[in-house]
Amino acid sequence: MSVRDAYWWQAAPLATLPQVPVAPTCDVVVVGAGYTGLSAAITLARAGRSVQVFDRQHPGEGASTRNGGITSGNLRLSRAEMVRRFGEARADAVLAEAKAAREDLYSFIAREGIDCDFKLTGRFAGAATPEDYDGLAREAEHLQRNLGIDAHPVSRADQRQYIGTDYYHGGNVRMDIGGLHPGKFHAGMLRLAREAGATIHGETAVLGIRQEGDGHAVETARGHVRAGHVIVGTNGYTDAADRWLRRRMVPVRSRIIATAPLSPNLMGELMPPRMMYTETRRLHYYYRPSPDGTRILFGGRDGTIAGDPDWPTDNLRRALADIFPALDGVDIAQSWYGYVAMNRDMIPRIFTRRGVRYAAGYCGSGVVWARWAGQKAALQVLGDQAGVSALDFRAPGFVPLMNGTAWFMPGVFAWLSLRDRLAARRTARRSA
């Protein structure tokens, strides 16, 4: 296996499915065989609908098997910002749905018997500045009081109970977040979709979709299909076949490095409770122990838009050593990236255009949101009231000059990195 392959592919190699003929008609075509598409396919096929799922790569080869496996269901916007943009009712409904989506994921894994190394470990969020600690303490109070989530602030004096570093200025812990093996989780969903009767066409691109009568004509690389409904779940891997969506989803590279195996004593020192981890920097990092507890997987935004240069891996290596000085010079076994999809509203979204349902824009939190949104979109196709969702409203606005490549990301990366450095210097001067 290449050092550029996802760490998860060792235990859960990408599936190469037998090629079967493309049926000329079906009830529903699903575009994308990641978490979103497979979730929709499972729901629809179990309801007796004929379903064909198309993916231009191997099923799950995109972000579904490249992510960090942290079940956060994060929302990029604060409640106050969501209230300002969408109103109080919508903001509170989205926050409540985030909790429901996490709980539904955990029930799904248990109910379906998916062996994906899931553990409800809790998550520590580190404050990059003293001011950030105040915000994290307020967040923990809000989660506990308004959503009944087990959460509490952690002072700097107490943080070594959770993480073996003095880098942060305290933080908070919430116990409703855990970790899973994304490759094994996807493999379990693929198995369920096929057992339910859905046909999965890997390495078969969808080239175009158009309305035709009361249904849709779908052109694929291996034939045409007429379907009553279409669900699109391509997210950060949307290509030129859907230029309208491509102008609304900004594909951003997120990279993860995996260390070489570390000793049990060192892992116990650095991550005493073996939790999931994140922080408050603008270019924040997320990290966790591997499911077997022998390595640290450390991720963050990449900053590149083409090729696979070494400097993003070196950046992550340095950031890891900044937090954990004991890991300065540690061997990096693997480094890989995947695309997350941002949008102008910065919240996940379900929406409809010309009869096609879309579920996309997870902003880096697709482990929870993608499966949930795919299921909701499928329930809407079925006319089931359970498909009602706070995520289902207007489509995100288009991004000016966006053509499928986030050409502006290197500049954004540099600007946010500068702001983080300046904030760190201000904090250091005050401490001195």
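How many of the 16 residues of H9 are buried? In this predicted model, the count comes to 16 of the 16, so the helix is largely enclosed by the rest of the structure. As for its geometry, H9 runs 21 Å from its first C-alpha to its last, close to the 22 Å expected at 1.5 Å a residue. Just past the end of H9 sits Gly-383, and here the backbone takes a positive phi of about 75°.

H9 also turns up in the largest nonpolar core, a set of 53 residues in which Met-82, Phe-185 and Ile-200 touch the most other members. At least two residues of this core come from each of strand E1 (25–31), helix H1 (35–46), E2, H2, helix H3 (88–112), helix H5 (182–196) and H9. Ile-200 gives a feel for how this packing looks from one residue: leaving aside neighbours within four places in sequence, its contacts are Leu-17, Ala-33, Leu-38, Val-53, Pro-59, Leu-190, Ala-193 and Arg-194. A second core, separate from that one, has 25 residues, among them Val-154, Ile-163, Met-267 and Met-275.

Not every buried position picked out here lies in a helix or strand. Ser-72 belongs to the loop that links strand E2 (51–54) to helix H2 (79–86), and with a relative accessible area of 8% it counts as buried, because the cut-off for that label is under 20%. Beyond residues up to four places away in sequence, Ser-72 touches Arg-102, Arg-123, Ile-177, Ser-365 and Val-368.

Val-250 comes out at 8% relative accessible area too, and is likewise buried. This residue is part of strand E10, which covers residues 250–259. With residues up to four places away again left out, Val-250 touches Val-340, Ala-341, Met-342, Val-399, Met-402, Ala-406 and Phe-408. As for Ala-377, which is 127 residues from Val-250 along the chain, the two C-alpha atoms are separated by 21 Å.

Then there is the surface. Trp-407 sits in the loop between helix H9 (366–381) and helix H10 (409–431). Its relative accessible area is 44%, which makes Trp-407 partly exposed. Together with Ile-305 and Leu-401, Trp-407 makes a nonpolar surface patch of about 320 Å².

Definitions and conventions: Residues numbered from 1 in each chain as written. Predicted model: local features only at pLDDT ≥ 70, side-chain atom pairs only at ≥ 80, totals over all residues. Heavy atoms only, no water. Helix = DSSP H or I, 4+ residues; strand = E, 2+ residues; numbered from the N terminus. Buried < 20%, exposed > 50% of the residue type's maximum accessible area, 1.4 Å probe, protein only. Contact = heavy atoms within 4.5 Å. Patch = residues over 30% accessible without salt bridge, like charges linked within 9 Å, V, L, I, M, F, W, Y side chains within 5 Å. Areas by Shrake-Rupley, 256 points an atom, 1.4 Å probe, with all protein chains shown as cover. Salt bridge = Lys/Arg side-chain N within 4 Å of Asp/Glu carboxyl O. Expected span 1.5 Å × (residues − 1). Core = buried A, V, L, I, M, F, W, Y, C linked by side-chain atoms within 4.5 Å.
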